[in-house]
Amino acid sequence: MHIVVCIKQVPDSAQIRVHPVTNTIMRQGVPTIINPYDLFAIEEALRLRDAHGGSVTLVSMGPPNAEDTLRKALAFGADRAVLLTDRYFAGSDTLATSFALASAIAKIGATYGAPDIVFTGKQTIDGDTAQVGPGIAKRLGLLQLTYVSRIASVDPEARLIEVERRAEGGIQQLRTQLPCLVTMLEGSNTIRRGTMADALKAARAQVVIWTAAEAGIEELTKCGLRGSPTVVKRVFAPGSRAEKARMIDPGTSARDTADALLDAIFAAQGALEADVAAAQASL
Amino acid sequence: MTETSQPNAPKPAAAGGSRAAMKKELPERFKSYKHVWVFIEIERGQVHPVSFELLGEGRKLADKLGAELAGVVLGAPGGVETAVAECFAYGADLAYVIADSILANYRNEPFARGLTNLVDTYKPEILLLGATNLGRDLAGSVATTLLTGLTADCTELDVDADASLAATRPTFGGSLLCTIYTLNYRPQMATVRPRVMAMPERQERPIGRVITHSLGLVEDDIVTKILGFLPDRDATKANLAYADIVVAGGLGLGAVENFQLVKGLARALGGDYGCSRPVVQKGWLPAERQIGQTGKTIRPKLYIAAGISGAIQHRVGVEGADLIVAINTDRNAPIFDFAHIGIVADAVRLLPALTEGVTRRFSPHTRDRLAG
C-alpha cells in the first residue's frame with residue numbers, strides 16, 4: 001500500500017504571546033512543532049504499512065524551515081517526505097491550501113505510486129478549522145472518512161476499508177472503498193518512539209522540496225492569497241466588559257468568604273435557588 | 001507575514017489595507033445570490049439544537065439584509081416533517097427539503113451532493129451550518145465543490161454596511177479574534193459551534209412555504225455504507241454544553257486531586273463540571289471536559305471558574321453564561337475582565353467551603369437539624 005500523510009508545522013500555541021500594547025502576535029522565539037493532531041495520522045499510517053507492506057510518504061506545505069519538522073516526523077519511521085514551499089503559497093486560506101496539497105498529492109502519486117489512503121489529523125491547533133482534509137478529498141475525488149476513532153480493517157485486495165467514526169451521541173461504523181481520505185481523531189492511538197535506525201535514516205534523508213512549478217501546479221491564481229476566497233479584515237483582542245466584575249472581599253474565614261460569595265450569587269440569580277434546593281434534596 | 005499555509009488565519013490585506021481597496025465588484029454570476037440559509041442537522045430523528053441557535057442568528061442577518069431566512073432539511077421521508085415544522089417555529093420564512101431514504105443517516109456523499117445541488121439551484125448568499133462533526137464534514141466538502149469561502153467556528157456574525165457577512169472567530173490558537181469576509185464569492189459560508197449563539201424562543205407557527213427538491217441518486221450510486229451505530233454509554237458526556245450550572249477548574253488548582261473539589265461543588269449545586277485547556281493537555285481530565293474554543297461552549301445560568309486565568313480561547317467558550325463567577329489568586333488575571341463576580345482567593349480552600357455552604361443553605365437534612 002502507498003499511504004500519504006499530510007502534516008503541518010505549527011507554532012507551539014502554549015507559548016504564543018500577544019503584545020500587550022499593539023495586540024499583535026509576538027512570533028519571535030515561539031518554537032514550532034508538528035501539529036499534535038497529525039501524530040495520530042502518522043501512527044495509523046505506519047501501522048497499516050507495517051501490517052500490509054508498502055510505504056508512507058509525508059507531505060507538508062509551509063515555509064522552508066518546515067523541512068526540519070518533516071525530518072522529525074520521518075524519524076517515526078516514514079519512508080519519504082515532500083515539502084511544498086513557494087512564495088506563491090503565502091496567505092493561503094483553507095481552499096487554497098487544499099488546492100496546493102491536492103496538487104502535490106497528485107504529483108506524489110505520479111512519482112511514487114497512486115496513494116491508497118491519504119491521512120490528515122482532525123484539525124490543526126493554529127487554524128482549528130478541520131476544513132483542509134475534506135477539501136483535499138473533494139479535489140482529488142476521494143471518499144472521505146472524518147473523525148475516525150478506529151480503523152477496523154483494511155483489505156487492499158478487495159479495496160475496502162471499515163472504520164469507526166465519532167458522531168454525535170455515538171460511533172458510526174462505515175465501510176467504503178479505497179482510495180479514500182481519513183482524518184484521525186485524537187487519542188485513537190499512541191505515536192511510537194522511532195527506532196534508532198529510523199532516527200539515523202531520518203537525519204540522512206533527503207527531504208524532497210518542490211516549488212509550485214515542481215509540484216506540477218500551473219494555475220497560480222488558485223494559490224496563496226489570490227486563490228483564497230476569504231479575506232481577513234481585522235485582528236484584535238476582545239475588550240473588557242463595560243461593567244467591571246463586582247469583587248467580593250474575602251472574609252476572615254473560608255466559611256465567611258463562601259457565604260458572602262453564595263449571597264452574591266443567589267442575589268444575582270435568585271431563580272437558581274429552587275434548582276439547587278431540588279438538587280440537594282435528591283442527593 | 002510569513003504564514004504560508006495557515007487556514008483561515010490572518011494574512012496580509014491588499015496594499016492599502018482598507019476593505020474598499022480589497023473589494024472588487026461582486027462578479028455578475030453571483031449577483032442573483034440572495035437570502036440566508038441554515039442547514040438543519042438531524043441526528044437520529046432529532047434536530048440538533050445548534051440548528052435552532054443558527055435560525056435565531058440567521059433571522060437577525062436576514063432582517064438586516066431585508067432577505068428571507070430558509071431552513072434546509074435533508075433526511076428520510078417521515079423524518080423531515082418534524083424538522084420542517086420546527087424551522088418555522090424558530091423563525092424561518094421557508095424551507096428547502098430533500099426527502100429520500102438514502103438520507104436516513106448522515107453520509108458525506110449524498111448530503112454533500114444534495115446540499116450543493118440546492119445551492120446551485122436556489123442560490124443563497126449566506127449558508128450557515130453547525131460546527132459539529134457532521135457540519136464540519138459537510139461544510140468542508142460543499143465549500144470546496146462550490147469554490148467559495150468558509151469560516152469555521154465563528155463566535156459572532158454580522159452584516160456590514162455593504163451587505164457582506166462579517167464572520168468573527170478566534171485565531172492563533174485562541175489568543176486573538178479576527179473578522180473574515182468572503183467578498184467576491186457566494187455563498188458566504190460559516191460554521192458556528194453549539195451554544196455559541198443564544199437559543200431563540202420557540203413560537204408555534206403554521207408551516208409556510210416548502211420547496212421540495214429531489215436527490216437524484218439511488219443507493220447503488222453511494223459507495224460508503226453504514227454498518228452500524230454504537231451509542232455512547234456515558235450519556236452525561238453530551239450534557240456539559242447544556243447544563244444550567246457549571247463549575248470548572250484550571251491549572252490554578254495545582255494538582256489533579258483537587259478536581260474532586262470541583263466535582264464536589266458541581267454535585268452539590270446539581271450542575272456539571274469541566275476544565276480549561278491546559279488541564280486536558282496535562283492529562284488531568286479527558287478532552288470532553290474541556291471548555292473553550294476547542295472544547296465545549298457553554299451557556300449556563302451560573303458558571304464558576306476556579307483557578308482559571310481566562311485566556312481568550314476559554315473566554316469565547318463561556319461568555320454566553322448569565323453569571324460568571326471567578327475565583328483566582330491573581331487579581332490581574334484576565335478572567336476578572338469578563339467575570340460578573342470575582343474573588344481573589346485560593347480556590348483549593350474556597351471550593352470545599354462553598355460546597356459546605358451550599359449544603360448548609362439548601363440541604364433538607366441540615367435544615368431539619370437546624371430547625372430542630
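Tutor: A charge is said to sit over a ring if CZ of Arg is within 6 Å of the ring centre and within 35 degrees of the ring normal; keep in mind that this is a predicted model.

Student: What makes R87(A) a residue whose charged end sits over the ring of Y88(A)?

Tutor: The charged end of R87(A) lies 4.8 Å from the centre of the Y88(A) ring, and the limit is 6 Å, so the distance condition is met. In chain B, the charged end of R289(B) sits over the ring of Y273(B), 4.0 Å from the ring centre, which also satisfies that limit.

Student: Why is the aromatic pair of F30(B) and Y33(B) called edge-to-face?

Tutor: Ring centres must lie within 6.5 Å, and planes over 60 degrees apart count as edge-to-face; F30(B) and Y33(B) are 5.5 Å apart centre to centre with 75° between the planes, and therefore the name applies. Both F30(B) and Y33(B) are buried, and ring pairs link them with Y185(B) into a cluster.

Student: Which residues have the most contacts inside the largest nonpolar core?

Tutor: They are L261(A), I304(B) and I327(B), in a core of 40 residues, to which helix 10 of chain B (residues 347–362) gives the most, namely seven residues.

Student: What is I304(B) in contact with, leaving aside its neighbours within four places in sequence?

Tutor: Its contacts include I265(A) from chain A, and V246(B), L269(B) and I327(B) from chain B. A second, separate core has 37 residues, among them L70(A), A78(A), F119(A) and V207(A).

Terms used
Residues numbered from 1 in each chain as written. Chains lettered and ligands numbered in written order. Predicted model: local features only at pLDDT ≥ 70, side-chain atom pairs only at ≥ 80, totals over all residues. Heavy atoms only, no water. Phe/Tyr/Trp six-rings, centres within 6.5 Å; stacked < 30°, edge-to-face > 60°. Buried < 20%, exposed > 50% of the residue type's maximum accessible area, 1.4 Å probe, protein only. Core = buried A, V, L, I, M, F, W, Y, C linked by side-chain atoms within 4.5 Å. Helix = DSSP H or I, 4+ residues; strand = E, 2+ residues; numbered from the N terminus. Contact = heavy atoms within 4.5 Å.
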